[in-house]
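Let us take a friendly walk through a protein model together. Have a look at the display below, and then read on.

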Amino acid sequence: MLKFLAYLFATVATIAMFFIATLPLSVEVQLFLGLFLLLAMQFTKAIPGTLGRVIFLSLGGIIVGRYVYWRVTQTVPPIENLADFVPGVLLLAAELFCILMFFLSALIVSDRYQRPRKVLTRDEDAPSVDVFIPSYNEDPGLVACTIAAAKNMDYPADKFRVFLLDDGATDQKLNAYDPADAREARDRADTLKRICDELGATYLARERNEHAKAGNLNYGLSRSEGDLVVVFDADHAPAREFLRETVAYFSDPKLFLVQTPHFFLNPDPVERNLRTFNFMPSENDMFYGMIQKGLDKWDATFFCGSGAVLRRSALNEVGGFSGVSITEDCETALELHSRGWKSAYVDRPMIAGLQPDTIASFIGQRSRWCRGMLQILLLKNPLFKPGLNFMQRVAYVSSALFWLFPFPRLVFLLAPLLFILFSMKIYIASPQEFLAYTLTYILAVVTIQSGLYGKLRWPWISELYEYIQSIFLFPAIISVVLNPRSPKFNVTTKGETLEKEQLSVLAWPYVVVFVLMLATTGVLFWRLENDPGQTALLSVVGIWHVFNLIVTGAALGAILERKEVRTAPRIRVQRKGLLKLGEDTVPVTLVEANTNGVLMHFDKVPHSGNMLGERGLLKVLPAQKQSRNGSTSTDMEDFGPEDGISVNIASQRASSSGLLVGAGYIDTVAKCAQASSDLVFADLSIPRALHNRKLTGASPIGGMLRLVRWSVHYGIRIPVVAFFSLFGSAARRKSARVENDLPETFMTPAE
């Protein structure tokens, strides 16, 4: 009944909104109406459920509707003055686009679906599963960890197989014209075949590198026969629970997809460089924590490339994974939704992945997503795709159009400069009208964002991320529009290291833009002092410009790459084990682990005292044995010969509760992968709990103060660093192939 009332209210409110938006009101009455509605929105935020969200959005929609009507009818420069009219229309178009996207997003998430949990409990009901791990140029150790974690999943051993799909050693690459490339491919194939043999996985490599990841996955389909197909990227390792928590949903015969959230153990470059990873929600939290739930309500959840289970019979119906665009995941889901198949989103993080480590690789990854989604829009426009229902069309179009954000972001950045530097009046409004219409509109948008996404996206962070991406994504968009079939699939580099703090290789455009904004600020203050006839208008435009200055200044902090010597992030663990050093066997508690080693706590110092450089054997009861007997062991005889791994003591230091000892793995790649996959990936409950602690709200004022602090600090520091870097040698990365990650339309052609 409440759901019916919510939809009824939404329909009535929409009709009323169009009527109220066009009412002729004085500036004073408009200001009173806006403030009254803003106050009412604060009260309706407390109403739980869908009905409360619909009322909240409807009140905000009235303010936005009033603004749009006023903006279109009264603020556009006269067409007779083309110099003002053309940029004025571009600015209006950018605003209308943002408002359209804002309401599409609000519509999608207004009625979110929290899917009930289903767990497979009866092994005899388990369908057969093929696990695909597509790989191209990833480090073999990283690939081995994902294979080991996949093999470690809790599922009947005779009902699932793990396949490594190696596109880095195809026949085409093994017979490359360059002998060095051919030798590198052969070495890679030999290494990965040996790892697969030791871990019990199946190694597959096709003849030619055609159709990128989609072609690789389709080759896997042709060489396997399981009822379901699971896809994990080479740097996305699953928890033990993954299959039991997903395959049970396929009791619905029309379900083609179960998608799970992408959960990351390391910060993205913006989080790492601004040092926000430990306390601020991540950029992807809003998508996986809310938007996917909204898409699930409308049966529009799409495949995100990894951490997903798909039905083979559905894939066969559309000829496998689609490869027209470079975002084969979303494209495949679009094809299957149009055939009447259904999807599901399970909001339980059960894979642990790695994010790009540098701004260059981050921008390269986002450039691929952007170009691929625009390819879908241009080549397979969901608006006209037969078989989709109305909300599926809205969802897919919204997801694709989102990636046009560089256009409005750059327009909003440049628009104030036109008036400050050239006195171009592209936005006709008095200060009183700005207060009554524009300011209340901005406050309404901030209030809606806070109400819908408060715990998942802090105020002003979207503006920061979008600006950082826009400089390089804008030319990428142009290239796709000019030639929709031109983009090529590039693999994102992961596990990069940096010997010292330095500016990103992409830093200079951001520095130049900030210096331009700073110089324009000087002109602004000069005009305020010497152009009294324009003081009121300059003040209004100046507020807008100063906000842009703050964003561009804060972005400078993101392009200062922090020193990073670890190729793999550490996570907290709580596991008991035994360390054998020579004749001594010492009980230890593992407190941190990554794919390279562990940090152990000793209750007491061993007799040997200094252990640095010593080699030992570490035994930890595997997760499946712990879950079976419900306890941990501290008796060496309780372990099997396969349970130990050789380690080298690399560090030791005293703590308030005992001794902390760091040890690195020195065993075979497969053994190291088995140990690290069990410690790091088998149970993600601790990383999930630590991540959930970050999902707290922040006020718009607090968010702005944080942005200002970053802007002042880095706005002073980074230009100085950039100046001196012109006369010094830049640090070099150890394992990064940065040129392959740059946006192909701006920095380098695609391979």
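How many bridges join strand E1 to strand E4? There are 4 bridges between strand E1 (residues 129–135) and strand E4 (residues 228–231), and the two strands run parallel. Within this pair, Phe 132 stands opposite Val 231 in E4. Two strands count as paired if DSSP finds at least two bridges between them. Helices (H or I, at least four residues) and strands (E, at least two) are DSSP runs, numbered from the N terminus.

Before going further, a word on the model. This is a predicted model, in which local features need pLDDT of at least 70, side-chain atom pairs count only at pLDDT 80 or more, and totals for chains, interfaces and linings use all residues. Residues are numbered from 1 along each chain as its sequence is written, and side-chain values use heavy atoms, with hydrogens and water left out.

**The sheet and its helices**

E1 and E4 belong to an open sheet of 7 strands with mixed pairing, in the order E3-E2-E1-E4-E8-E6-E9. At the edges are strand E3 (202–204) and strand E9 (342–345), each of which pairs on one side only. On average, neighbouring strands of the sheet are turned by 20° against each other, direction ignored.

Helix H5 (residues 140–151) lies across E1 and strand E2 (160–166), at about 165° to E2. Helix H8 (residues 212–222) packs on the sheet and touches E1, E2, E3 and E4, and its direction makes about 145° with that of E1. Axes are lines fitted to C-alpha atoms, for helices over the stretch in contact (heavy atoms within 4.5 Å). Angles run from 0 to 180 degrees between N-to-C directions.

**Two residues with positive phi**

Neither residue in this table is a glycine.

| Residue | Phi | Loop | Relative accessibility |
|---|---|---|---|
| His 211 | about 60° | between E3 and H8 | 59%, exposed |
| Ser 423 | about 60° | between helix H15 (406–422) and helix H16 (431–453) | 39%, partly exposed |

Here, buried means under 20% relative accessible area, exposed over 50%, and partly exposed in between (1.4 Å probe, protein chains only).

**How confident is the prediction?**

The predictor's confidence in each residue is called pLDDT and goes from 0 to 100. For this protein the mean pLDDT is 88, and 89% of the residues reach 70 or more. Over residues 628–633 the pLDDT is below 50, and this stretch has 9 contacts beyond near neighbours in sequence in the model. Residues 729–751 also have pLDDT below 50, with 60 such contacts. Where pLDDT is low, the predicted coordinates should not be read in detail.
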